[in-house]
Amino acid sequence: MSHDELEKVAGLMPDVPRQGGYGPATTEKWYQKAYTHPAAGWGATVSVGKILTGERQVIRGTKAMFTINHPDKGFDCPGCAWPDAKHFLPLDVCENGVKHSTWEMTDDRTTPEFFAEHTVTELAEWTDFALEDVGRLTHPMSYDAETDTYVPVSWEEAFAMIGDELNALGDPNRAAFYTSGRLSNEASFLYQLMAREFGTNNLPDCSNMCHEASGRALRASLATGKGTTDVDDWELADAIFIMGVNAATNAPRMLTMLTDAYARGAQVVHINPLIEAGARKAIVPHDLVDMALNKATPTSTMNLQVRPGGDFALMRGIAKVVFEEAEHDPKAIDREFLDAHTEGWETYRDIVRATPWSEIVRQAGLTEPAIRGAAAIYLASEATIISWCLGLSQHEFGVQAIREIVNVLLLRGNIGRPGAGPAPVRGHSNVQGNRTCGIDHRPTEEFLSKLDAVCGITSPASTASPPSPP
């Protein structure tokens, strides 16, 4: 949609407070404008200052900025799942991380007196922002239907009410125990232990929405539900493909890796329907000289505005070029690697060759020369990382698209060696930690048997399904 079209839509919005949504209520019309400043840098610094003063946490918030993601004396940022640097970086933080941290520090409290003054019917009309802005709960609360309000109860009463509800179900599988990545490893382990001792594996979590496709695809292709790269690999890659990720918002600390990659001459390709701020240029806050000089570093060497959902087709096009090149240059594919570590690659080659360019171009929403340009970068690279986030994994055919990513990586042996491999970018800071500690509605029999042996319980049988067929 063009700027003029957006402005036209905005003009049709009624001038009434927007209630029942996520952000603060406002009578302002919707608007859109181009952002031309570097990602992070002084814009983010000014925003952080406003956050600290707005939350009345100037001293504590500033002190926290020097310990967030500190490997020795700090804490892991709740803002995103980007891994900590192997070596200490001063101010290895971002605007989102400061927001999250100061929210945790809030002195605002939601007391029983507040709930006595507002009915649940009234609160249901408040925005999510307005509800959270009231502050932290101070007491366990229970709904009183007669007054349509929440009233305080003791912890003993709260635990008894939960226990009575669970025991009245009859079948433990009628209960579900949900978590998000904000839960610590220790709490995750105890939570899943309670659920399994109760008698169910119904342990969904936020990754079922954001990265279930990644886990399924990687497990089917590589027998692991995780990416195979770490931060050291990002420092060694010749080419990095970023798919469905707005780095400036989804994982702002990734900008450090992208600016460093560009500076050392690596190719950085962003694949996204929009060319966003994080795909243009950035000033990393802990690069103090660049901050002082207001010097921005590009974060990309190519931007491909793929059609939404067209990522599979783009990867198929890259694979097609690789096989075409292999007809003239045998080194275009890693034949030794393919023969030793893969199955059925010749069948895959035949499928790719049979896929017409017209269909690839139509579904990708890109021209053939643009796709060939991306393939040329891949072919010239000795070590390639392909990374993705929710812009890929939440599509209807996300599993198939991620499996095609793995296929492309396998063609040139970009698995299991430095600077190469698949790299799903998680959203929450501890999604993978949850899964590792047992938050999984399809646990393996191996995990359950070890859990039973160590904890002296009898877990319910696993309902784990085998990997999806090719």
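Two strands count as paired if DSSP finds at least two bridges between them, and helices (H or I, at least four residues) and strands (E, at least two) are DSSP runs numbered from the N terminus. This is a predicted model, in which local features need pLDDT of at least 70 and side-chain atom pairs count only at pLDDT 80 or more, while totals for chains, interfaces and linings use all residues. Residues are numbered from 1 along each chain as its sequence is written, and side-chain values use heavy atoms, with hydrogens and water left out.

**Colour by confidence**

Begin by colouring the chain by pLDDT, the predictor's confidence in each residue on a scale from 0 to 100. The chain averages 85, and 90% of the residues score at least 70. Confidence is lowest in helix H1 (residues 3-12), with a mean of 41, and highest in helix H20 (residues 368-380), at 97. Select residues 1-20 next: pLDDT stays under 50 there, and the model has 31 contacts beyond four places in sequence for this stretch, a contact being heavy atoms within 4.5 Å. Residues 466-470 also stay under 50, with five such contacts.

**The open sheet S1-S8-S9**

Now select strands S1, S8 and S9, which form an open sheet of three strands in that order, with mixed pairing. Its edge strands are S1 (39-40) and S9 (297-298), each of which pairs on one side only. Strand S8 (residues 281-283) is joined to S9 by two bridges, and the two run antiparallel. Which residue of S9 is the bridge partner of Ala 282? Show the side chain of Thr 297, for that is the partner.

**Strand S11 and its neighbours**

Move to strand S11 (residues 384-388), where five of the five residues are buried, so the strand is largely enclosed by the rest of the structure; buried means under 20% relative accessible area, exposed over 50%, and partly exposed in between (1.4 Å probe, protein chains only). With side chains shown, Thr 384, Ile 386 and Trp 388 point one way, Ile 385 and Ser 387 point the other way, and all are buried. Strand S6 (residues 239-243) runs parallel to S11 and is joined to it by five bridges, with Ile 242 opposite Ser 387. S11 also pairs in the parallel sense with strand S12 (residues 421-424), over four bridges, and here Ile 386 stands opposite Pro 422.

**Two helices**

Select helix H4 (residues 95-105), in which Gly 97, Val 98, His 100, Ser 101, Thr 102 and Met 105 are buried. Adding helix H2 (41-54) and helix H3 (58-65) to the view shows what the buried residues of H4 pack against. In helix H11 (residues 212-222), the buried residues are Glu 212, Ala 213, Ser 214, Gly 215, Ala 217 and Leu 218. Just after H11, Ala 223 takes a positive phi of about 65°.

**Aromatic rings**

The structure holds eight aromatic pairs, where rings of Phe, Tyr and Trp (its six-membered ring) pair if their centres lie within 6.5 Å, and planes under 30 degrees apart count as stacked, over 60 as edge-to-face and the rest as tilted. One of these pairs joins Phe 115 and Tyr 150, which meet edge-to-face at 5.6 Å centre to centre, with 85° between the planes. Because Phe 115 lies in helix H5 (residues 112-117) and Tyr 150 in strand S5 (residues 149-152), the pair ties together parts that are 35 residues apart in sequence. Phe 115 is buried, with a relative accessible area of 9%, whereas Tyr 150 is partly exposed, at 33%. Tyr 150 also pairs with Tyr 143, their ring centres 6.0 Å apart and their planes at 70°, so this pair is edge-to-face. Tyr 143 is partly exposed, at 43%. To see the whole cluster, select Phe 114, Phe 115, Trp 126, Tyr 143 and Tyr 150 together.

Elsewhere, Arg 412 lies over the face of Tyr 378, at 5.9 Å from the ring centre; a charge sits over a ring if NZ of Lys or CZ of Arg is within 6 Å of the ring centre and within 35 degrees of the ring normal.

**Last stop: the cysteines**

The structure holds zero disulfides, a disulfide being a pair of cysteine sulfur atoms within 2.5 Å. Why is Cys 437 not bonded to Cys 455? The sulfur of Cys 455 is the closest cysteine sulfur to that of Cys 437, but it is 12 Å away, too far for a bond. Cys 437 counts as buried at 17% relative accessibility, while Cys 455 counts as partly exposed at 30%.
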